[in-house]
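Trainee: I should like to study one residue of this chain closely. Would you kindly set out the chain as a whole and then turn to that single position?

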Amino acid sequence: QVQLVESGGGLVQPGGSLRLSCAASGFTLDAYEIGWFRQAPGKEREGVSCISSSDGSTYYADSVKGRFTISRDNAKNTVYLQMNSLKPEDTAVYYCATACFQFSPGDYWGQGTQVTVSS
């Protein structure tokens, strides 16, 4: 059974850091491009970052460039999102998926993890 499970969310003060994890089961992560998305209340889901399956190239939305880093550990079948210098506007539910910025009905999604940036 194909499954993606996110973890690592929580409450953090502005300027703080969190590392999100996306663990896969039922398939090999490095065979897919894997993306992180987020959705804030009342807003559309948006792509944050993704890592390619072919050469590990990474891509970032302008809003997180220089603050977030995506990486992949093939041995653990896990993709990470290191988030530094967090801002209140980063508050959202974060999802990982087998998609890169644009998604389609056949993509696999995790259940999401809440990130709240607040003092």
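Mentor: The model before us is predicted, and its chain has 10 strands and zero helices. Read along the sequence, strand therefore follows strand, in the pattern β-β-β-β-β-β-β-β-β-β. The radius of gyration is 13 Å, close to the 14 Å that the globule rule gives for 119 residues, so the chain is as compact as a globular protein of that length. Its C-alpha trace spans about 40 × 25 × 25 Å along the principal axes.

Of the 119 residues in the chain, 43% are buried. The accessible surface comes to about 6,100 Å², and carbon and sulfur atoms account for 45% of that surface. Among contacts with a separation of 6 or more, 56% are between residues 24 or more positions apart.

Let us now turn to valine 12. This residue is found in strand β2, which covers residues 10–12. Is valine 12 buried or exposed? The relative accessible area of valine 12 is 11%; buried means under 20%, so valine 12 counts as buried.

Which residues does valine 12 touch, once its neighbours within four places in sequence are left aside? Valine 12 is in contact with Ser17 and Leu18, with Leu86, and with Thr116, Val117 and Ser118. Glutamate 44 offers another reference point: it lies 32 residues from valine 12 in sequence, and the two C-alpha atoms are 23 Å apart in space.

How values were computed
Residues numbered from 1 in each chain as written. Predicted model: local features only at pLDDT ≥ 70, side-chain atom pairs only at ≥ 80, totals over all residues. Heavy atoms only, no water. Helix = DSSP H or I, 4+ residues; strand = E, 2+ residues; numbered from the N terminus. Rg over C-alpha atoms; globule rule 2.2 N^0.38 Å. Buried < 20%, exposed > 50% of the residue type's maximum accessible area, 1.4 Å probe, protein only. Contact = heavy atoms within 4.5 Å. Areas by Shrake-Rupley, 256 points an atom, 1.4 Å probe, with all protein chains shown as cover.
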